Structures are given as C-alpha cells and as structure tokens.
Amino acid sequence: MQIKVAVAYHSGYGHTAKQAAAVAAGAEKVPDTQVRLVSLAELNDELWEVLQESDALIFGTPTYMGGSSAVFRAFVEATSQVWGDNMRWKNKIAGGFTNSGNMAGDKLNALIDIALFAAQHGMVWVGLAEYGGWNTSSGSPEDINRLGSWLGAMSQSNNDEGPDVTPCASDLRTAEALGRRIAETAHVHRAGRAAVGFDEVSD
C-alpha cells in the first residue's frame, strides 16, 4: 500500500527550504512512500490537489518575531474553505518544523501554531521521538535534536550565513528523523483504518 506525504512549507531566505528537503528525504526512506515537496508561496490549484491527495501533511515555516511567517499564516487562513467543506483533511497525519536565527527564538510558539492549526482540521499530530541532545558535558552541537524539541523539528541558522552553510548537519538529521517517523506512522494509520473497515484517511 503506497502512502503519499506532502511537505508543505514557506521559506523566506532558503534555510527552511533546506530543512524541508531533509524532512522529505527522511520520509522517502520509508518503502512505498511517495513524497511531494511543495512551496506555500503560491496558493494554486495544484497545491490544493497535492494536499488533498496526501495521507500525511508536514508543514514548515520560519519563525519570525516569535511566530509563523505571514505567508504561512495566509495559507492557514485560506484553508478555512477546506475546513468548511466537511473537514476534508480530517484524519490525515500531520507534523511540523521550523527554523530561526536564534537558538531558541521562540520556535516552540511557531510549532504550537502549526499543531493547533492541524487540530482544528481534525488531523492526527505526530511529533519527534528523539532524546534531546547537547545537554551534557560530553554532548555537542552534532547531537541529533540538539535544540531539544519534541512537538516538531527545530533548526537554527546563523543570521549572517546562507542556506549553503546552515542549518547544520545535526539539525538536518533531526528533520530527517521527523519525516521518517511521520511516513511510518502514516503507513500504520492507513493500514489500521483499512483493517477495521473505517473510511479512507482523507474521508
């Protein structure tokens, strides 16, 4: 049974796009998984079609001034039509990721934003299942989940460096881990619903 995963993101300077590519790479490692990487910069018919056809939606946004970007918020508000049409994304698997210039940068607030958005659509949220890294005297920035996030994947990019340099390798491995877990969960969820005779995930 093939699962479709859409990684839908906005990226202001390319850093979140690099993180999104890592999320997609992680999902692609799961057999029988088709992954689409889609930008939210333009809300066209193709975008809505990809999102509707997908079993799992993984949303990404940079964290600007402690929250999601204006472009991402415009997308969120545009989904009210999807919500109003019998909650068409109900029971899809969902997850999220974000990037900022500061180590903290209030990225948690952006992830909460995405999680609440997914909850209002009746989606099933999947977080990151990796121990926090870089939290002991023997730890290092090379640890996976070095920023210690579980609601979703976080990455940090220095303000004076481009996406050719940042996010760092450990943050990208963290993003891959999230993508893989969400794809695996989507397979289990789809198979489980089919086994008990429930409607398809996108009912």
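The paragraphs below lead through a predicted model of a protein, from its overall dimensions to two helices and a few individual residues.

Taken as a whole, the secondary structure comes to six helices and seven strands, and these elements follow one another from the N terminus in the order β-α-β-α-β-β-α-α-β-α-β-β-α. The C-alpha trace spans about 50 × 35 × 25 Å along its principal axes. The radius of gyration of the protein is 16 Å, which agrees with the value near 17 Å that a compact globule of 203 residues would have. Buried residues make up 46% of the 203 residues, and the accessible surface comes to about 9500 Å², of which 51% belongs to carbon and sulfur atoms. Among the contacts with a separation of 6 or more, 76% are accounted for by residues 24 or more positions apart.

Helix α5 is a convenient place to enter the fold. This helix covers residues 107-120, 14 residues in total, and reaches 20 Å from its first C-alpha to its last, close to the 20 Å expected at 1.5 Å a residue. Which residues of α5 are buried? They are K107, A110, L111, I114, A115, F117 and A118, and because they cover an arc of only 160 degrees around the axis, they lie on the same side of α5. The face turned away from this buried side carries the exposed residues L116 and Q120. The buried residues of α5 pack against the strands β3 (56-64), β4 (67-68), β5 (93-100), β6 (124-125) and β7 (153-156), and also against helix α3 (70-78). I112, which likewise lies in α5, is partly exposed, with a relative accessible area of 35%; its C-alpha is 9.0 Å from that of G152, although the two residues are 40 positions apart in sequence. After α5 comes G122, whose phi is positive, near 75 degrees.

Helix α3, one of the elements that α5 packs against, can be described in a similar way. Its buried residues are F72, F75 and V76, and seen down the axis of α3 they fall within an arc of 100 degrees, so they line one face of the helix. The exposed residues A70 and E77 are carried by the face of α3 turned away from its buried side. The cover over the buried residues of α3 includes α2 (45-53), β3, β4, α4 (80-84) and α5.

Strand β3 appears both in the surroundings of α5 and in the cover of α3, and T61 is one of the residues lying in this strand. With a relative accessibility of 0%, T61 counts as buried. When its neighbours within four places in sequence are left aside, T61 is in contact with H10, T16, S68, S69, F72, F97, T98, N99 and I114; of these, F72 is a buried residue of α3, and I114 is a buried residue of α5. A polar atom of the T61 side chain also lies 3.1 Å from the backbone nitrogen of S69.

Attention now turns to the loop between β6 and β7, where R146 is found. Is R146 buried or exposed? Its relative accessibility is 8%, so R146 counts as buried. Its side chain makes a polar contact of 2.8 Å with the side chain of D171. Not counting residues up to four places away in sequence, R146 touches M103, G133, W134, P141, Q156, C168, S170 and D171. The C-alpha atoms of R146 and N99, which are 47 residues apart along the chain, are separated by 13 Å. W134, one of the residues touched by R146, lies in the loop between β6 and β7 as well, but W134 is partly exposed, with a relative accessible area of 37%.

The backbone geometry deserves a closing look. Most residues other than glycine have a negative phi, and most peptide bonds are trans. W134 has a positive phi of about 55 degrees although it is not a glycine. D32, in the loop between α1 (15-28) and β2 (33-39), also has a positive phi, near 60 degrees. The peptide bond from T166 to P167 is cis, with omega near 0 degrees, and P167 lies in the loop between β7 and α6 (169-195).

Conventions
Residues numbered from 1 in each chain as written. Predicted model: local features only at pLDDT ≥ 70, side-chain atom pairs only at ≥ 80, totals over all residues. Heavy atoms only, no water. Helix = DSSP H or I, 4+ residues; strand = E, 2+ residues; numbered from the N terminus. Expected span 1.5 Å × (residues − 1). Buried < 20%, exposed > 50% of the residue type's maximum accessible area, 1.4 Å probe, protein only. Arc of directions from axis to C-beta. Contact = heavy atoms within 4.5 Å. Rg over C-alpha atoms; globule rule 2.2 N^0.38 Å. Areas by Shrake-Rupley, 256 points an atom, 1.4 Å probe, with all protein chains shown as cover. Polar contact = N/O pair within 3.5 Å; in protein donor to acceptor, adjacent residues only side chain to side chain.
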